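I opened my notebook for a friendly look through this one, and I jot down each thing as I look it up. The structure comes first, then the entries.

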Amino acid sequence: MKLSTIADLLKGDRAIIKSFNGIDIPLKLIEMGCIEGNYVEVLQRAPLKDPIYLNISGTYLAIRIEVASKIIVEKL
């Protein structure tokens with residue numbers, strides 16, 4: 001089991017959200033399905049790596065690299 005963050009994932013990588021590093025994860029992100037146990041897939045990364053476009057268990061959203069670096073995942 002190798003843990004990393006969403007910021008470390010590459011386009012096309014899939015992972016399971018394991019935990020959050022820090023308490024300042026936006027509530028809106030949690031409301032949109034970014035919770036422990038949900039699947040995440042990286043759909044696209046901007047040319048300068050910010051933001052990252054994701055599919056989190058059927059919800060499509062873009063998040064900043066700063067937030068992505070606080071979401072711990074297990075790569076599949």
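What share of the 76 residues in the protein is buried? I looked this up before anything else: buried residues make up 38%. A note to myself before I go on: this is a predicted model.

**Entry: overall layout**

I counted the elements next and found two helices and six strands. Reading from the N terminus, I get the order β-β-α-β-β-β-α-β. I then checked the radius of gyration, which is 11 Å; the globule rule gives 11 Å for 76 residues, so the protein is as compact as a globular protein of that length. Along the principal axes, I have the C-alpha trace spanning about 30 × 30 × 25 Å.

I also looked at how far along the chain the contacts reach. Of the contacts between residues at least 6 apart in sequence, 58% join residues at least 24 apart.

**Entry: surface and charge**

For the accessible surface I have about 4700 Å², and carbon and sulfur atoms account for 56% of it. On charge, I noted 10 positive and 9 negative side chains. The centres of these two sets lie 5 Å apart.

**Entry: strand pairing**

Which strands does β2 pair with? I traced β2 over residues 14–20 and found it paired with β3, residues 39–45, in the antiparallel sense over three bridges. To pin down the register, I looked up A15, and its bridge partner in β3 is V40. β2 also pairs with β6, residues 71–75, again in the antiparallel sense, over five bridges. Here I used F20 as my marker, and its bridge partner in β6 is I71.

I then moved to β4, residues 52–56, which runs antiparallel to β5 and is joined to it by five bridges. In this pair, I56 has T59 as its bridge partner in β5.

**Entry: the β4–β5 hairpin and S57**

The hairpin of β4 and β5 has two residues between the strands. I found S57 in that loop. What caught my eye is its backbone: S57 has a positive phi of about 45° although it is not a glycine. I reminded myself that most residues other than glycine have a negative phi. Is S57 buried or exposed? Neither, as I read it: a relative accessible area of 42% lies between the 20% and 50% cut-offs, so S57 counts as partly exposed.

**Entry: N38**

I went to N38 next, in the loop between α1 (27–31) and β3. What does N38 touch, once neighbours within four places in sequence are left aside? My list reads A15, I16, I17, G33, I56 and S57, and S57 is the positive-phi residue of the hairpin I had just noted. I also took the distance from N38 to I16: they are 22 residues apart in sequence and 5.7 Å apart in space, C-alpha to C-alpha.

**Entry: I63 and P51**

I63 lies in β5, which covers residues 59–63. Why does I63 count as buried? Its relative accessibility is 6%, and buried means under 20%. Leaving out residues up to four places away in sequence, I listed its contacts as L29, D50, P51, I52, L54, A68 and I71. I71 is also the β6 bridge partner of F20, as I noted above. For a longer reach I checked A46, which is 17 residues from I63 along the chain, with 11 Å between their C-alpha atoms.

P51 was on that contact list, and I followed it up. P51 lies in the loop between β3 and β4, and with a relative accessible area of 37% it is partly exposed. Beyond four places in sequence, P51 touches R45, A46, A62, I63 and R64. Its C-alpha is 9.0 Å from that of E66, and the two residues are 15 apart in sequence.

**Entry: S4**

My last stop was S4, in β1 (residues 3–5). Is S4 buried or exposed? I have S4 down as buried, with a relative accessible area of 16%. With neighbours within four places in sequence set aside, S4 is in contact with L9, I71, I72 and V73. I see I71 again here, having met it among the contacts of I63.

Methods:
Residues numbered from 1 in each chain as written. Predicted model: local features only at pLDDT ≥ 70, side-chain atom pairs only at ≥ 80, totals over all residues. Heavy atoms only, no water. Pairing = 2+ DSSP bridges. Helix = DSSP H or I, 4+ residues; strand = E, 2+ residues; numbered from the N terminus. Buried < 20%, exposed > 50% of the residue type's maximum accessible area, 1.4 Å probe, protein only. Contact = heavy atoms within 4.5 Å. Rg over C-alpha atoms; globule rule 2.2 N^0.38 Å. Areas by Shrake-Rupley, 256 points an atom, 1.4 Å probe, with all protein chains shown as cover. Lys, Arg positive; Asp, Glu negative; His and termini not counted. Charge placed at Lys NZ, Arg CZ, Asp CG, Glu CD.
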